[in-house]
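Me: Could you take a close look at one part of this and walk me through how the pieces there fit together? Keep it casual, but spell out the cut-offs.

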Amino acid sequence: MSTAVHDLMDNETRIKPEALPEDRPAVLQLRGLRKKFGGHSVINGIDLDVREGEFFGLLGPNGAGKTTTISIVSGLLEPSEGSVDIFGDKMSRHNSKLKKKIAVVQQDLSIYPQLTCMENLLFFGGMYGLGGRKLKAKAMEALEIVGLSDRANKPRAGKLSGGQKRRLNIAAALMHDPKLLILDEPTVGVDPQSRNYIFETLQKLNRDGMTLIYTSHYMEEVEQLCGRVGIMDHGEIIECNPVPTLLDQHGQAVVRLKIQAADAARILEAEPELSDSVSLALDTEANLVTCVAPKLVQALNRINRLIGDYRIEPVNCEVLPPSLETVFLKLTGKSLRD
């Protein structure tokens, strides 16, 4: 077996974050949540619990209702129907006491480019009533958490790299010691080094007891970080389970083999029923063979057998091991990046 196949099989068995026990108290409870804008329904009756200390992933294609749900949870929007309880208290736009227990890191940066990192954090901390030595100490602590203490006073935030700006954005959200942190696409436009630093920061916050809700278009991030994942589509949560359960119930390996037109014609002539097969399909227009199987090794073996039987010289091959990406494709029929 080739090294590439060994690597792909290792990806199937790598250690995933564990979901928390179900008896943990719920930090966030959504019941019958609905939201309409005019006659258009965006949220269609969501029921969801997020447990204390959980690292929860929320996935959905564009237009699924994720951003609206986050806006309602954070008190920026009122629901049309249903309720949002956080730490046992009902959330509303006017519940300022409860809002101090949560923080939202939006995809759009909230920092001021003309201010330094320290000046940004002093400003945001002041908005939450911090002052004096306590404010400065908290700002430095937040900068240390996100690895920007050496850039406290220079350069100005506008001169930071994209990844450093994202880390500063997270630091600003930590200034008032939130118990629930909601992150919406926190790694957009981030270099690999900063992305890894953000991951380590969030994992440490979670180990220290903070509850996190994480949305991203990068499936591998959610699979790496989150113990349990909810998948939204058309304003509903269509599946919500620990990642291993999602993979067991819905995971599938996909292998796409690009071949020569002549090879596609030979296969179709010899095995016309191949076009109707559940596990192996031939697209003669695209000259593409697609194999779907529960396990990656099964899909690879079937493709290898096809190559050997017809002495095919592949143009290229795309391999998707069982992952949240393939779960998402199966449940929604679309790519998260669509």
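Reply: Quick definition before we zoom in: helices are DSSP runs of H or I with at least four residues, strands are E runs of at least two, and both are numbered from the N terminus. What you have is a predicted model, where local features need pLDDT of at least 70 and side-chain atom pairs count only at pLDDT 80 or more, while totals for chains, interfaces and linings use all residues. Residues are numbered from 1 along each chain as its sequence is written, and side-chain values use heavy atoms, leaving out hydrogens and water.

Let's take α4, residues 117-127. Just after α4, Gly129 has a positive phi of about 90°. Within the helix, Cys117, Met118, Asn120, Leu121, Phe124 and Gly125 are buried, i.e. under 20% relative accessible area (exposed is over 50%, partly exposed in between; 1.4 Å probe, protein chains only). They sit on the same side of α4 because they cover an arc of only 160° around the axis, taken from the directions from the helix axis to the C-beta atoms. Those buried residues pack against α5 (132-145) and α6 (162-173), with contact meaning heavy atoms within 4.5 Å.

Phe123 is also in α4, but it counts as partly exposed because its relative accessibility is 36%. Together with Tyr112, Met127 and Tyr128, Phe123 forms a nonpolar surface patch with about 400 Å² of accessible area. Patch members have over 30% relative accessible area and no salt bridge; nonpolar side chains (Val, Leu, Ile, Met, Phe, Trp, Tyr) are joined within 5 Å, like charges within 9 Å. A salt bridge puts a Lys or Arg side-chain nitrogen within 4 Å of an Asp or Glu carboxyl oxygen. Areas are Shrake-Rupley with a 1.4 Å probe, and for residues only the protein chains shown count as cover.
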